[in-house]
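This note is written for a colleague who is meeting the structure for the first time. Please read the points below with the sequence and the model open.

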Amino acid sequence: MLGPPGAGKGTQSHNLVNDYNLRKISTGELLRKEITNKTSLGNQIRSIMDSGSLVSDKIMNDLISKNLLKNEIYEKLIFDGYPRNLNQAIELDNMIKVKGKKISCVLSLEVDKNTVIKRISGRQTCANCGLIFNKYFSPPTDSNHKCDKKFLIKRSDDNETTLENRFDTYYKKTLPILNYYKKQNLLHKINGMAEINDIYKEIRGIIASIET
Ligand code: AMP
């Protein structure tokens, strides 16, 4: 699942996990957990994440291979926020190729910067269940969110200054991956500015077309 910050990667991948029984690997979530748990890796990466730059490929490749190996699961995976540059995309291919697996589909959520700024300024993430809300457009309620309100947090990198850099990083480092996947006929571009449910319908349609 690719897309700039605030494109809806977390929300849409959450839907897919439930409906297709997938296992999600969100590198942003894994990194934030390291920071919350105050591990030595967490201390190393905090300022990088707060600045909106990318954590080094070495750290990311170790983190991904550790997660894949830990569960010995190399299929029915969905990656959210990874790969973020060409190096990582190639490394991911290598890691799964040795297990005889391949990527079946790359979804790119396309959104413009103004939409993202609005979305991110109201974003609230549940530190307990990982669900993502927006206090203006899709607030947490008793029916859509079961955890205590105390778990709702605003990400420290969800501010306008960091957002500029996160956008910049996306255009410079992550966009070239689209071409890499396009050449392999894996890329599906999706209008990420449509309604959440309509985006999800489109994604389901793409997956159905792959399965048949
Ligand atoms: P995200 O939750 O995907 O928006 O990621 C939040 C931050 O974590 C990013 O701005 C980066 O600093 C870092 N990060 C997440 N995934 C990666 C990755 N694949 N490579 C490098 N840095 C990452």
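The points that follow move from the overall fold to the ligand, then to the backbone and the cysteines.

1. Status of the model. The structure is a predicted model. The remarks below should be read with that in mind.

2. Overall form. The chain contains eight helices and seven strands. Its radius of gyration is 17 Å, close to the 17 Å that the globule rule gives for 212 residues, so the chain is as compact as a globular protein of that length. Along the principal axes, the C-alpha atoms fill a box of roughly 45 × 40 × 30 Å. Of the 212 residues, 43% count as buried.

3. Surroundings of the ligand. Which residues come closest to the ligand? They are T27, R32, S53, R84 and Q88, within a shell of 16 residues. By character, the shell divides into six nonpolar, five polar and five charged residues. Helix α2, spanning residues 27-36, gives the most to this shell, with four residues.

4. Polar contacts and burial of the ligand. Two side chains and one backbone position may be inspected here. A polar side-chain atom of R32 lies 3.0 Å from an oxygen atom of the ligand. In the side chain of Q88, an N or O atom is 2.9 Å from a nitrogen atom of the ligand. The backbone takes part at G81, where a polar atom is 3.1 Å from a nitrogen atom of the ligand. Taken alone, the ligand exposes 480 Å², and the protein buries 96% of that area.

5. A cis peptide bond. Most peptide bonds are trans. The bond that joins Y82 and P83, however, is cis, with omega at about -5°. P83 belongs to the loop between β2 (77-80) and α5 (86-97). A reader checking the backbone should look at this place.

6. Positive phi angles. Most residues other than glycine have a negative phi. K38 is not a glycine, yet its phi is positive, at about 55°. K38 is found in the loop between α2 and α3 (40-51), and with a relative accessibility of 64% it counts as exposed, because the cut-off for that class is over 50%. K76 likewise has a positive phi of about 55° although it is not a glycine. This residue lies in the loop between α4 (57-71) and β2. K76 counts as partly exposed, because its relative accessibility is 48%.

7. Cysteines without disulfides. Why does C129 form no bond with C126, the cysteine with the closest sulfur? The two sulfur atoms are 3.6 Å apart, which is too far for a bond, because a disulfide requires cysteine sulfur atoms within 2.5 Å. C147 presents a similar case: its closest cysteine sulfur, in C129, is 3.8 Å away, and therefore too far for a bond. In accessibility, C129 counts as partly exposed at 35%, whereas C147 counts as buried at 19%. A search of the whole structure accordingly finds zero disulfides.

8. Points to revisit. For the ligand, the reader may return to R32, G81 and Q88. For the backbone, the places to examine are the cis bond between Y82 and P83, together with the positive phi angles of K38 and K76.

Note on methods. Residues are numbered from 1 along each chain as its sequence is written. This is a predicted model: local features need pLDDT of at least 70, side-chain atom pairs count only at pLDDT 80 or more; totals for chains, interfaces and linings use all residues. Side-chain values use heavy atoms; hydrogens and water are left out. A residue is near a molecule or strand if one of its heavy atoms lies within 4 Å of it. A polar contact is a pair of N or O atoms within 3.5 Å; within protein, one must be able to donate a hydrogen and the other to accept it, and residues adjacent in sequence count only if both atoms are side-chain atoms. Accessible areas come from the Shrake-Rupley method with a 1.4 Å probe; for residues, only the protein chains shown count as cover. Helices (H or I, at least four residues) and strands (E, at least two) are DSSP runs, numbered from the N terminus. Ala, Val, Leu, Ile, Met, Phe, Trp, Tyr, Cys and Pro count as nonpolar, Asp, Glu, Lys and Arg as charged, and the others, Gly among them, as polar. Buried means under 20% relative accessible area, exposed over 50%, partly exposed in between (1.4 Å probe, protein chains only). The radius of gyration is taken over C-alpha atoms; the globule rule is 2.2 Å times the number of residues to the power 0.38.
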